[in-house]
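Here is a friendly walk through a two-chain model, meant to be read with the structure open beside you. We will take the chains, their interface, some helix packing and a few single residues in turn.

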Amino acid sequence: MEQQAQKTAAKSYFDDVKTTVNSIWNGMSITLSYMFRRPTTVQYPDRVEVPVRDTLPDRYRGFLEVDMDICTACQACERDCPIDVIHIGIEGKGKNRVMTQFDIDIAKCMFCGLCTEHCPTGAIQHTPEFEASAISMNNLTMRFVPDPVAGIAPYKPEKGVEAFPRKPLGSITRKLIKAWDAPDPEFPGEAGEEQVEEVATGPSELAKKAVGLTDAAAYALVLEEAMAGTDCYACGYPTCRDYSEAIASGKETKLNLCEPGGKDSEREVLQIVGAKETGFLPPGPIESEPVVGKVVEAIKKLQEGGGAETPPAEKPSEAS
Amino acid sequence: VQEFADSLIQSWFQVEPAAWPYTQLFYVGVMAAFCALVFFGFLAPFAGLVSWMERKWAARIQSRIGPNRAGPHGILVWLADGIKLFLKEDLIPKDADKILYRLGPYFKLVGLALAFVALPFGAGLIIADLNIGILYIMAVTGLVVVGIIVSGWSSNSKWGLLGGFRSAAQVISYEIPVALAVLVVILSAGTLSTQGIIMAQGGAPWEWFMFRSPMHLVAFVIFCVGMLAEGNRTPFDLPEAEQELVSGFNTEYSGLRFSAFFLAEFANVWVMNAIGVLVFMGGWMIPFVPAETVLEGGLLWKLASFGVFFIKVFIGVQVVLWIRWTLPRIRIDQMMDLCWKQLVPATIVLIVLVAGYEVLVHSAPWIVTVMGIALSALALAMTVVFIRKTRENIRIVGDEVSMENW
């Protein structure tokens with residue numbers, strides 16, 4: 001028995017060695033074989049043989065696309081959209097109807113495809129486009145009307161026609177996607193502040209224009225620019241133009257009637273009037289009280305009957 | 001190098017080296033300079049390239065592509081890694097033993113750097129041809145384990161400590177079969193000097209110690225296994241077993257110290273292959289060219305010998321990487337079992353057999369040539385069989401040989 005046990009021990013020892021060597025031999029061969037095979041990795045996105053969008057199924061729901069040439073302006077898609085992603089602007093009536101806006105906010109779109117189902121001409125469709133990124137979410141709105149002023153006339157399909165001349169699917173959206181990489185649009189608040197600073201550093205452009213004007217109509221036009229331009233009737237005149245003309249002709253002496261414009265409009269008007277009547281251009285910011293005060297004084301003098309006597313001493317250097 | 005240092009002394013200080021009191025000091029300085037040159041001029045880039053090759057091997061074996069963006073085929077990725085590690089914060093854990101923690105990586109690097117004192121790169125390209133060269137290399141590479149234990153212990157982390165202890169157990173255990181396997185060759189070579197062992201062999205495969213007898217071949221296999229274990233390479237990478245120990249002894253390290261560990265790990269791949277090549281595979285010997293021609297020849301001969309050595313080591317490095325991505329890690333009890341129950345007894349038997357064989361060779365020298373040719377022919381046949389098997393492995397799953405898609 002003992003001999004047999006020894007035999008089996010020796011046998012198992014050499015069997016183990018054999019198994020080890022054998023498994024290493026086979027394993028190394030298999031791993032080496034992978035060295036000479038093509039890796040299955042697809043080097044997306046820049047080293048693919050065919051663009052991935054060309055390999056997608058036909059009914060893939062990528063970014064939406066509208067072919068404005070065959071859009072009938074029926075607004076069915078706008079109504080169908082459950083989350084108000086589509087905005088269509090239509091102006092004019094009858095033959096003059098034009099679409100001034102066709103925006104799709106892709107940031108909100110949930111790719112449900114409802115808009116494409118009721119489109120009578122197939123103008124709005126999902127494209128296979130899906131690769132895009134934007135620095136700013138504001139850029140994610142696709143605007144399919146390039147020129148809102150000119151607008152786009154709605155398409156009138158002929159009776160009984162079932163096929164429509166659609167542009168190749170994806171060609172329009174692809175161009176729009178390229179614009180997504182544009183830098184962030186400036187934040188409105190920041191941009192506004194900068195503008196105020198620019199105006200504030202010297203005599204306003206409008207005041208410069210008003211110096212030496214003799215034509216009352218031109219003077220009124222300059223004044224109108226200082227108004228808010230809302231034709232709100234708060235001043236008692238039907239339009240901003242009427243109020244401006246009243247000031248220009250001297251009928252109206254109150255310069256602070258523009259309510260929507262508020263203080264800004266008032267100061268601007270003061271400056272213009274001051275510049276027109278006295279030739280005075282304030283050197284500093286119009287916000288600062290001394291400057292406004294000087295202008296007001298000059299105008300008061302004028303109204304009290306100082307006439308055309310322009311005090312030559314009033315030069316910018318004094319005001320500072 | 002000694003001659004070179006002597007000539008330097010003569011030209012710089014205008015004194016006779018033998019009569020100059022600072023000669024020995026100057027030797028040490030020159031040696032240190034050479035060591036630094038080898039380490040940073042050759043070994044650091046080599047370690048970087050090996051790390052790139054390792055990732056490429058891993059990727060191809062797993063049907064991936066691996067690094068391919070930095071430089072052609074991603075060959076510069078190691079520079080990017082190095083710069084990244086350079087810029088990382090060098091963090092020291094709160095309760096770590098700060099002095100030892102800082103020293104740990106350098107113990108490991110020093111252990112490797114010391115090995116290069118006696119490790120040849122080619123004919124005459126050796127910092128110091130010690131007469132106990134191979135013994136010295138075996139001894140100083142044991143210093144690596146000090147670095148591992150120190151860093152594992154001092155980082156005050158479970159993972160680090162466990163990794164360090166495992167490494168201590170492993171490296172000390174596997175020193176024995178490796179040393180005994182080298183002893184087999186020493187019996188045949190009759191010298192401990194690294195250059196002596198190389199010159200006892202020939203350039204052609206049948207003159208290598210590997211193919212001197214079947215016993216030598218087995219000793220070579222045992223040496224390879226032991227070296228893998230000593231270098232903490234898979235399937236013996238227990239000290240840094242990711243699944244159990246996060247990263248083992250270097251868990252807490254970051255930044256430059258971490259990169260020092262990596263440099264040491266990949267430099268170690270060179271060291272272990274270089275030892276294997278010089279002991280078993282003929283070192284820098286150029287086939288069919290006697291050693292004297294190379295030794296007395298000009299710079300071109302020396303460079304050729306370096307080329308031969310480099311190619312052999314390079315192939316060995318590839319095999320080490322290839323093994324890493326083939327074999328799974330074994331358990332710690334299996335590892336100890338393999339060392340003490342299988343390899344150590346086997347090497348002791350081999351030493352006895354080789355001692356007898358060398359007596360036989362002494363009376364009938366032709367046996368060596370016959371054995372060498374027979375065994376190298378066998379190895380060639382096995383290689384052919386292996387390549388055919390690999391092609392069959394590709395064909396059998398309906399794939400084909402393709403080197404596309406890098």
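A contact here means heavy atoms within 4.5 Å. With that in hand, residues 24 or more positions apart account for 76% of the contacts in chain B with a separation of 6 or more. In chain A, 70% of the contacts between residues at least 6 apart in sequence join residues at least 24 apart.

This is a predicted model, in which local features need pLDDT of at least 70, side-chain atom pairs count only at pLDDT 80 or more, and totals for chains, interfaces and linings use all residues. Residues are numbered from 1 along each chain as its sequence is written, chains are lettered from A and ligands numbered from 1 in the order in which they are written, and side-chain values use heavy atoms, with hydrogens and water left out.

**The two chains**

Helices (H or I, at least four residues) and strands (E, at least two) are DSSP runs, numbered from the N terminus. Chain A contains 11 helices and 5 strands, while chain B contains 15 helices and 0 strands. For burial, buried means under 20% relative accessible area, exposed over 50%, and partly exposed in between (1.4 Å probe, protein chains only). On that scale, 32% of the 320 residues in chain A are buried, and for the 406 residues of chain B the figure is 52%.

**Where the chains meet**

The size of an interface is often given as the accessible area lost when the parts come together. Buried area is used in that way here: the accessible area (1.4 Å probe) that two parts lose on being put together, summed over both. Chain A and chain B bury about 2,700 Å² between them, with 59% of it on carbon and sulfur atoms. Of the area that chain A buries against chain B, 23% is supplied by Trp25(A), Met28(A) and Met35(A), more than any other three residues. The contact draws 22 residues from chain A and 31 residues from chain B.

**Helix packing in chain B**

Axes are lines fitted to C-alpha atoms, for helices over the stretch in contact, and angles run from 0 to 180 degrees between N-to-C directions. Helix 5 (residues 133-141) of chain B and helix 7 (residues 158-189) of chain B cross at roughly 175°, and their axes come within 11 Å. Helix 5 of chain B and helix 7 of chain B are therefore roughly antiparallel to each other (angles under 35 degrees count as roughly parallel, over 145 as roughly antiparallel, 65 to 115 as roughly perpendicular and the rest as oblique). On the helix 5 side of chain B, the contact is made by Ile134(B), Met138(B) and Thr141(B), and on the helix 7 side by Glu175(B), Val178(B), Ala179(B), Val182(B) and Ile186(B). These residues divide into 6 nonpolar, 1 polar and 1 charged, where Ala, Val, Leu, Ile, Met, Phe, Trp, Tyr, Cys and Pro count as nonpolar, Asp, Glu, Lys and Arg as charged, and the others, Gly among them, as polar.

Further along, helix 14 of chain B and helix 15 (residues 366-396) of chain B pack at about 115°, with their axes 7 Å apart. Here Tyr357(B), Leu360(B) and Val361(B) of helix 14 meet Ile367(B), Val368(B) and Met371(B) of helix 15. That contact divides into 6 nonpolar residues, no polar and no charged.

**Helix 9 of chain B and what follows**

Helix 9 (residues 214-230) of chain B has 17 residues and reaches 24 Å from its first C-alpha to its last, close to the 24 Å expected at 1.5 Å a residue; the expected span is 1.5 Å times one less than the number of residues. Its buried residues include Met215(B), His216(B), Phe220(B), Phe223(B) and Glu230(B). Among the elements covering the buried residues of helix 9 are helix 5, helix 7 and helix 14 (332-363) of chain B.

Helix 9 of chain B is followed by Asn232(B), whose phi is positive. Most residues other than glycine have a negative phi.

**Four single residues**

| Residue | Place | Relative accessible area |
|---|---|---|
| Asn232(B) | loop between helix 9 and helix 10 (242-245) of chain B | 5%, buried |
| Ala73(A) | loop between strand 1 (64-66) and helix 2 (76-80) of chain A | 3%, buried |
| Ser244(A) | helix 8 (residues 240-249) of chain A | 0%, buried |
| Pro290(B) | loop between helix 11 and helix 12 (291-296) of chain B | 46%, partly exposed |

Asn232(B) has a phi of about 55°, and the phi of Ala73(A) is near 60°. Not counting residues up to four places away in sequence, Ser244(A) touches Ala220(A), Leu223(A), Glu224(A) and Met227(A). The C-alpha atoms of Pro290(B) and Gly202(B) are separated by 7.8 Å, with their positions 88 residues apart along the chain.
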